[in-house]
Structures are given as C-alpha cells and as structure tokens.
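Colleague: I would like to learn how to read helix packing, empty space and backbone features in a model. Could you take me through them?

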Amino acid sequence: MAGNLEYMSSESFENLSYEDRTFAPTAEFAANANAKSDIYELAKRDPVAFWEAQANNLHWDKKWDQVIDWQLPFAKWFIGGKINASYNCLDKHVLEGRGSRVAFHFEGEPGDTRTITYGQLLTQVKKTTNALIELGVKQGDRIAIYMPMIPEAVIAMLACARLGAMHSVVFGGFSADSLLARIQDADATLVITADGGYRKGAPFALKPAVDEALKGKTKVKNVLVVKRTGQPTEFDSGRDIWWHEIVDRQSDQHEAQFFDSEQGLFILYTSGTTAKPKGIYHTTGGYLTQASFTHRIVFDLKPESDIYWCTADVGWITGHSYVVYGPLINGATQVIYEGTPDTPSKSRMFEIIQKYKVTILYTAPTLIRTWMKWGDEFPNSCNLSSLRVLGSVGEPINPEAWMWYREVIGSNRCPIVDTWWQTETGAIMISPLPGVTATKPGSAMKPLPGISAEVVDDEAKAVGNGRGGYLVLTHPWPSMMRGIWGEPERYKETYWSRFNGLYFAGDGAKLDKDGAIWLLGRVDDVMNVSGHRISTTEVESALVSHEAIAEAAVVGANDEMTGQGIVAFVILRGGIESASGEQLVKQLRDHVAKEIGPIAKPRQIMVVAELPKTRSGKIMRRLLRDVAENRAVGDSTTLADPNVMKLISEGLNSAKSED
Ligand code: WTA
C-alpha cells in the first residue's frame, strides 16, 4: 500500500472557498421528496431495524431469521430469507398490474429504437432463462457476459439471476486477454456476447475477441451470440449458438425459484494494486436491499412520472446497481443508449433528454467536463426543462464542473447528488439526499442513513473537521462485497488490514469545517481514468510483456478532462534503439490496448535510462508523478542514485504522443 497524504496538502485544498457555498433544497422539492429530514435520526437509533425495514420493501418467499451475521470481515445479511432477484425486478411488477409500464426506452447509436414494457421484459427473460436451462446452466454456475449496451445485456443478467447462476459481466471495451483471464478466474461455462455493437458511427466487432479468448484453456461449453450489427461473424458450429435461434423458440413460461439471501448474484472484476484483477463477489438479499433503497432516496424516484437515465454501461458496477437492479426493483422507466456522446453530433445526449423528457440524469464527471469543453451551445440547443435531479459518480467532481452541471444542464433548478461508492460497496454510500441536504459544489456531503464512514489518520484516529486523511467505513452494510472470488486472504489483506477492523476504501478524503466530506482521489496505486479504475501495476506488466521493454513504471497524472491520465516511464532492453522513439511509443500503446483494452492506453510514454528507486529497490512513483504533472521534483534524497531524476526531467517531452 503506497498511500501517503503528502499530495493532499496543496492543490487538493484549493476548493476551500466552495465550502462556503451551499445550495439548500427548495421548500417545494423538500415537501415532495422521498427522503425526509428525520431519516438520519431514524437510522441512527436502530440501524438493524432500519435496514430490516428497507428489506421489507422487497418480495421474499420466506422472511429472514436473522438480519446480520458479522464475523469481521465477513458479513451475511437477512440470513434464512428466500429471494429471487429477477422476480423482484419483473414478476412483482407484472403481478401487481404494472406490466404495461415501459421499463426501457432503448436508443441505438444508429438511431434505431425499442420500447420494452415490464411485461415484455419478463417474457424475454423467461424465454432466455429457458434457453439457459437447455444449455445446461444450473444454480451456482458462472456465466460471462460480454456485450454492447443493448437490452439483451440486461435480459441476460436477469436470466442468470433467475436461475441462481452468477453473471460476470466483462466490459465490451476489454481485450481478448482480459476477457480470458476473467473467464478462467471464475471458471465460466458459458459466454453470452453479440456479433458487435455500434460506436462512433460504425459497427465494432465483439465476437472475434471471444473466439480469440477461447483459444485459451477454459471450461466454456457454449457461446450465445446476439445478432446486433449483422456483420460477417465466424461461427464454431459445435460451440456457438445464435441467441434468436435458441431463445425465440422457448416457452414463455418460467416460474422463478427462490434462493437463499446469500446466494451469489454476480462477480464483477475490478483493478487492484496488483496485475491480477479482483473478482468482487456480491450476493443477493443485502445487495438488492441497498441498491433499491439508495436508488429511491438518492434520486428521489417517482416511478409513475419519472424518466430516469443512467449513462453507465452494464459492464461497470454503476450499470449493475443503477441500470439493472435498483431501478427495475423500483419499477422505474429508463432510457438506455448504446453509443458515444458525439455521434452523430455533440448534441446527441441532449437530444435524447429532450426526446424522452428525461427527469433524472446520472452520469460521470468526465462526461460533464467533456460537455463543458464542447461548449454551452449544444445543451442550449435542446429543451432540458424536464430534468429535475442530476447525479454524478465515478471520480471526484471538481467544483467548476459541478457548477456548470448545475447552471447549464440543470438551469439552477435541479439538486445535484454527488454519489461516492465502489464496486466493492455495491451501492451508494456517501451522497446528499435531494430535498434534505444543502449541497456544496464538489462535496459528496455525508454518509447515507444506515451507513457510517470516517476520515482517519495513519493511526486510524478520526482527523476531525478541517483536515484530510483516509476514508474508512466503520460498520458493515447490506450491499458490501462478500469477498474476492476464490481469494479470501486477499480480501482481508486488501480491505481490512490497513486499519484494524475498518474497511479501507483506498480513497483520500477531507472533512471541511462543517464536517462535509470531500473526496480527494485514490491514495494507492490505482488510477482513475474517466471513472475507470486501472491499476498502475496492470499497465506496467502489460508494458514489460512487450519485447522491447525491460522495466516500466506507471503513474496517474492529473488530467483536465479524464481526471487522471496514464503516464508511463519505460526502460528499453539492451540492443533496442531508443531512436525508434515515436514508432515504438505507438507500438507500446497499441500493445497495452491489446493486453488490457483501449481504456488503459497510456496518454504519454517516456523512454528513460533509469527509474528513480530507493536503495531497497522500490520505485518512487511520487517523483515520477511530479515529472508527469510538470512540477518541481520533490525530495529525492532517499534515491539510490540522485542524478536519475535530473536525467528524467531533462528527457521530458521527448516522447509525448497523441491518440
Ligand atoms: C472513485 C464506481 C469521488 C473512488 C461507483 C472509488 C469517486 C472508485 C466517486 C470506485 C465520487 C467513485 N467522488 N470519487 N462521487 N465515486 N469514486 O469501483 O476513487 O468503478 O474508490 O465504482 O471511484 O470505482 P468503481
């Protein structure tokens, strides 16, 4: 763990003046809000009873015998309860007369659209479940899903859940190698994919990456392929099956079985501080309780009238909790969009808001900053007056972007909820509540009711107001991860060993003078690029797997647009000419894209003769970050060779590259 608080001292505190700017809810919003101001007090008085009340909003075939079993660091929730995730998302609504409500307005990138009601979604999920049964899928199996953002991705997830099989969704932007590693780690037996999807105005292929991945040793028996683009696709007739050929002919009857509350629901891989991604493992009852509760109060969802749009892909946790499980349990009507924000024009997303009269928008700071850069004329050309709540997730939102979001997108009318959480936490943990919280631009404010977080120093002591430290969670919560798939020791070591008995999130945070929480970014070797978590070690090992590279050090440097940008320092193997500079840099960037995925391509690669190391051989990334961020290099007296930094600084700009 390379956490150090040094970097938090200077630039991160520049937002101090924003501490004094608050935006209180209007009386009208407060009067109609789902959250009432006494909710914090209620939860504090009896957190167990509070979560029990939230769980009671779900359909249980049998209620639990015990709310929580906490054997640090392993928690179980709603023990003995029987529940089915798919039933709660679909059957419940249809049985209660909401079958004709729209679940999804799907907008494909080329402009094709589909409207799917809860009744239709249930039928599709039942048929797909029957197809999975025909393919031999059973409770407890792991199914890899590698899809574009189309309704079948959601249908596939819910069909797995309906059977008690666990989905492992792999973001469609990951490479064949990354997909293979995830398939192998979870011993997946089926892959659900598509021929391709649409991005930036053109079809892209997905199936070839699956074919490539499956050249590795796996337990995969079949590949189920949705026809999305119709592009020529190679087929292995013994293994591959078109979705429409098997799903369409199935019966539309399927009665959901109810599983134990602690039945595994999914695995979702995320970057850790080592090269091997962690399979974050979630179960059912507690996860669904917190995902649906937070979705209802943080977004103030009114299912009869709201049109909710979360722009996340199902390949990330935000897509799991706030496109699939939370909103569907709450009976929300949603928009999902397949493509990129600038196709065919930079107004695309604003046109979608206008077209469907979106009322709640949940997106990421990277996109907000991109919109800011493109200019106000694009949002201003559309009618955005339907919007009433705006959300942000994935990385710290800078106050300037927050203010722009409020003024230009929300016309100073909509409360903003800056929501802090992680793949590991499963659901939102820290966020304002619209109608209750007076917000500050750039602050996630305070833990939700029923959640307890603190900011502590190196000795795990609370830092108090006005100071920075490490963000920790002090009590178990229903949607917490149940472990790292197959690696219980790594789970303890990663999250619970830094501060005894406390969950360490890996983030730095500051409490302002009023006790509001300001997130300051990661303090470990995890970078956050456009809201995507990528570990420095993962990129380093991708780089050194290239024949020209002897050694590599990677740092995340501040980036105006993407939050952080990946900057790599590499040492060439003997005999490789560094004169081949530009071409080599391009090769290396492509190599990283092939090994991990395009999202991990370094922004900048510098070829250096030496890396700054301590006498014990540890790379001093702090110094490299100084170089990458164009700062005077900090204290380098502990370096084995103090001249190294001088050489590196002089070589700066020698190998910049553009995408
Ligand atoms: C960061 C995404 C500041 C943080 C839901 C965390 C944030 C990591 C915020 C988790 C926020 C997420 N403000 N930072 N509102 N939300 N983060 O697992 O560093 O993809 O640890 O989950 O994103 O990323 P993950």
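Modeller: We will go through helix pairs, then cavities and a pocket, then the backbone. This is a predicted model, where local features need pLDDT of at least 70, side-chain atom pairs count only at pLDDT 80 or more, and totals for chains, interfaces and linings use all residues. Residues are numbered from 1 along each chain as its sequence is written, and side-chain values use heavy atoms, with hydrogens and water left out.

Colleague: How do I read a helix pair, and at what angle do α13 and α15 cross?

Modeller: Two packed helices are described by the angle between their axes and the distance between the axes. Here α13 (residues 365-374) and α15 (residues 399-409) have axes that come within 10 Å and cross at roughly 65 degrees. Axes are lines fitted to C-alpha atoms, for helices over the stretch in contact, with angles from 0 to 180 degrees between N-to-C directions. Helices (H or I, at least four residues) and strands (E, at least two) are DSSP runs, numbered from the N terminus. The two helices are therefore roughly perpendicular. The classes are: under 35 degrees roughly parallel, over 145 roughly antiparallel, 65 to 115 roughly perpendicular, the rest oblique.

Colleague: Which residues of α13 and α15 meet?

Modeller: I368, R369, W371 and M372 in α13 meet E400, A401, W404, Y405 and I409 in α15. Contact means heavy atoms within 4.5 Å. That contact divides into 7 nonpolar, no polar and 2 charged residues. Ala, Val, Leu, Ile, Met, Phe, Trp, Tyr, Cys and Pro count as nonpolar, Asp, Glu, Lys and Arg as charged, and the others, Gly among them, as polar.

Colleague: At what angle do α19 and α20 cross?

Modeller: Helix α19 (residues 621-628) and helix α20 (residues 643-650) cross at roughly 25 degrees, with axes that come within 10 Å. That makes α19 roughly parallel to α20. L623, L624 and V627 in α19 meet M645, I648 and S649 in α20. By class, this contact has 5 nonpolar, 1 polar and no charged residues.

Colleague: Now the empty space. How many cavities of 30 Å³ or more are there?

Modeller: Rolling a probe the size of a water molecule over the atoms shows where empty space is left. On a 1 Å grid over the protein atoms alone, a cavity is a set of points where a 1.4 Å probe fits but cannot get out; a pocket is an open set with protein on both sides within 12 Å along at least five of seven lines; lining residues have an atom within 4 Å of a point. Grid points are joined across faces, edges and corners, and a volume is the space filled by probe spheres set on the points. This structure holds 2 such cavities. The largest has a volume of about 50 Å³. Its lining includes I83, F259 and T284, and divides into 6 nonpolar, 5 polar and no charged residues. The second largest cavity has about 40 Å³.

Colleague: What is the volume of the second largest pocket?

Modeller: About 440 Å³. Of its 21 lining residues, the closest to the centre are K44, P47, G450, I451 and S452. The largest share of the lining, 4 residues, comes from α2.

Colleague: Last, the backbone. Where are the cis peptide bonds before P73 and P344?

Modeller: The L72 to P73 bond is cis, with omega near 0 degrees. P73 is in the loop between β1 (66-71) and β2 (74-79). The bond joining T343 and P344 is cis too, with omega about -5 degrees. P344 is in the loop between β17 (333-337) and α12 (348-356).
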